[in-house]
Each structure stands twice: as C-alpha cells, then as structure tokens.
Amino acid sequence: MPYTMVELCWKLSICFFCYQVVSGRVAREGHYVAAVYEHESILSPNPTALVDRQSALELMGRNLDIYEQQVVAAARQGAQIIVFPEDGIHGFNFTRNSIYPYLDFVLHSEFVKWNPCREPYFFNDTEVLQRLSCMALKNKIFLVANLGTKQPCEPADPHCPSDGRYQFNTNVAFNDDGTLVATYRKHNLYFEYAFDTPPEPDYKLFDTPFAGKFGMFTCFDILFFEPAVNLIRQYNLKQVVYPTAWMNQLPLLSAVEFQQAFATAFNVNILAANIHHPTLGMTGSGIYTPVKSYIYHNMESYGGKLIVAEIPVITADYDTNLESNERFRDNLHDSCKTSTSGSMDDQVCFKGGEEIPGRVSEKGNEQLPPIFYAEMMYDNFTFVPVWGEKGEVHVCANTLCCYLNYRRAVLTDELYALGVFDGLHTVHGTYYVQACALVKCGGLSFSTCGQEVTDATAVIDFQLWGNMSTPYIFPLLLTSGITLDFADHMGWKNNHYFISKNRTSSGLLTAALYGRWYEKD
C-alpha cells in the first residue's frame, strides 16, 4: 500500500528514533554521555632496556587492542567522548633513551589539520596516532589519549636538549571523524626524566557539538596554577578531560577525592581516567560534576574498568565558585555569600560584626584539649583531638586558624583530630598549602593521626572553617571505603571559608579545606 509523504516521514522518524535508542545514542537535552577507562596497562618487563621500534610497537599494540575494545563498548552505550589514562599505552619508568622507540612524531601546531587514519602517509613514526584516530573514526566518538611524542629541534633553539630532540608527555584529542583536534604537552612533570618540560605552558582546548569546549591537562598539573587554573579561567571552560597516572596518598590526596574537589571548586565537569596498578597505589577514575560523581576506586582486584555516565552540560555563563569567592572577598564584611550543593538556610550565614561561633571559650576554667604535632602528607601538622559526642575546637599555625563544630550520631571507639598546616610542602613536589583537616587517626594514640586510613564507622555532623588567605580552596569529603560525600553548604562568611555537613553518608575519613596559595610556590 503506498504511503503519503507525511506517513512516510513519520515512519522514517520513528525508525530513526528506535535506532538511536537501540544503539544508545539518545542523551537528554542539555546533557551528554561520557566515558573514561581505568586501564591496567601491559608494562615492559625492563623499561630501561633499549629496544627497537618494532618491539615497542608490539607492546603498545597490546594496550591499544584493549583500548579498541573499550571504545567499541563505550560507543555501544552511547558515549560521545572517551578518555584514557596517562602512560596507558607505553607504561612508565623509562630513561630518556629507552623510551625513544615508543615515541610517535606529533607536530604541535594549531594550523595543521590532520587525520592520521585517513592520511597515514603524512609523517613517519605515527602508528599509535593512526590507531587512535581510526578508533575515533570507526566508532564516531571523540577520543582523548596520552602517549609519548618526539619533535626535533634546532641547535639555535636555546631550550633544545643536547640530543637534538624534544620528548614530551602528550595528550591527544581526536574528533568523531578521526581528525587530530588538539595536543597538550604536560607541564608539571612528576619525576619523569624521560620527558622534557615544554618551554611555555600549553593552553589547549577543543570544541565539540554536544558540550562546547573542553580543556585538558595531565596528572600532577592539577595541583598547580599553570596551566590548569589559568586555562579554566582564561577560557571560562566548564568541561575538562584529565588523563592521569595518580598514586593515591591519604588522607588528603587520593585520586577520586581531589578530582571531585577540583570539579566542585571550579564548577566544572571532569572526565578523569587513571591507570590501574593497585600494588603501586594507582587507582581512582571518575566522571565528575560539581555535585555528583561516578567513580571507580579498587585496590583489591586487577583489570580495567569502563565508566559511562550521562551528565549535564555546564554552560559558560555560570560563574565558578572561585570567581565568586574572589569578588566576595573584596566586600567580606558588608555581605554574606555562599555556594551550596543543596538548599541553603539562613542559620549558616553570619552578619558582619557577629562573633564566629565554634571558638573554644577562653573564659572560666574550661580545660582546652591538648595541642600535639604529627606528620601528615609529609608535612608537620598541628593537631587537637576531637573527643566526645559533641564539641567545639580550634587550632592555629602561622596565619591560619581552623575551627570545628561537631556532633557524632553514635560515640564510637575511634580517635579523630583537627589539624592545620600553613606552609611550603617540599616532598615529591614543592607547593604552598593551607589546610584545615578533620581526619580519622590510624589508632587511639596521637602519633597515629595523619596515617592512611580507609575505613571508619563514625557518622558525624560538622561545620569546619578557617581564615584562609587564598581563594583557591578545594573541599574534601571522603568516607569509609574511599567513597565520596558532598557538603550541604560551603562558602565564605566573615573572612572565613566553611564547609558543613549534616550526617555523613557513612563513616567519616576526611573532611578538609585544602587551600593552594599559588603565589607562594
């Protein structure tokens, strides 16, 4: 029976819609589907040994075979973009010479448009780029990966290494047609002697039809102003891709803990892919919005993990917390501004001139808890114990004072302490930190405070605040089993930054304000 044009169009539209549903391609309006893959990379048994290019390609090919499987799986679930981790293709612990056969050639230029899958003949030593490009093209998906790259340089270049070439830790981004749309060279290397630091920070971003512009940086970069913070501020970015090979360090710098804190602090979405090597303390990936996360942290088992989630697009006209904080600090005593992840009530907002609650009274004969010192995160923190079912404590170091109001739902046999650090961190990197941290101690003695702890039972209501000197404050809230919780309220009041929570979702491991004073690095 012949169909009218209207009937035919209607039937075709229904068929197309059904195809989209079956293939997982429908995302709600204002949302997109993202994927990250935590990869247990196949490593060279002897990374310092010199091998030929073919041997290097064989090892990398085994990792790329896994990548290809995950790209297909992500695309079938409707993912529009997928991110792979740092060092996932070639591994780590190379020397400058031993990594050379693993390096692809990449021309770091915004003016050369190149599709390695369709134009493999353009440059030599681009086999890895070609495979990644073809994965993106065949599966119609944006793809971000990390690899080692090389670039010759001239002796006239004052930064040119003595062997006549640059070697970079590089992120590459391909669009869903397989075209190379952005390259980023890691700026803050973490004891990576095989690679060079680029002469200037890269500010690299790429555009997508489903979520606008994405910026990218790598692993250790997240702790520094350049290029991560400057990139986000300069381009008002709201979506970030983040390959990393992060070794967890509790209680303040586990991967999922800080990735979520960064997303919350800057009001951005972060697609973070970590490497998976539990014996090295490396796990923790996720898809993060400022108020929700889809995470994977597993120190017990081996094998990779694909995470796929639909998240909202954050628009560029939405101010970040930190920008609001900076404006607010200019008028701290005349107004009260807070940012929240839930409903906000008036009682947490104090008017200028009022005494800040929670200070331990110095009147009468009330005995204050003892101050003690313990090492945490390789820094000498000043602590006070958090005893009893409820109370108010404070502790100071240098210019920073931290305050805590707390109430435990049930009194447990666990020691907690409030710690403060205001100084230059100098182990495994040099950077200035201001931190107020409520942490569960490793045991019942003061000397165990600051140790790595992964389980807790105490459910705690708290309000934590400090007179931070920097607007760059990352709110940390970690609960038992290395799971994440979200604050009820956070923001500035009377020149103090605060975070509050009524009943943590499970036992509290860490509640902290982790401030980075970049100017004092």
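C441 is buried, with a relative accessible area of 2%, where buried means under 20% relative accessible area, exposed means over 50%, and partly exposed lies in between, with a 1.4 Å probe and protein chains only. Its partner C449 also counts as buried, at 1% relative accessibility. The two form a disulfide with their sulfur atoms 2.0 Å apart, a disulfide being a pair of cysteine sulfur atoms within 2.5 Å. The torsion about their S-S bond is about 85°, so this disulfide of C441 and C449 is right-handed.

I should say early that this is a predicted model, in which local features need pLDDT of at least 70 and side-chain atom pairs count only at pLDDT 80 or more, while totals for chains, interfaces and linings use all residues. Residues are numbered from 1 along each chain as its sequence is written, and side-chain values use heavy atoms, with hydrogens and water left out.

How many disulfides does the structure hold? There are five, and among them is the link of C117 and C134, whose sulfur atoms lie 2.1 Å apart. C117 sits in the loop between β3 and α3 and C134 in helix α3, so the pair ties together parts that are 17 residues apart in sequence; helices (H or I, at least four residues) and strands (E, at least two) are DSSP runs, numbered from the N terminus. The link of C117 and C134 is right-handed, with 100° about the S-S bond, and C134 counts as buried at 17% relative accessibility.

Another disulfide joins C153 to C160, S to S 2.1 Å; it is right-handed, with 70° about the S-S bond, and both C153 and C160 are buried.
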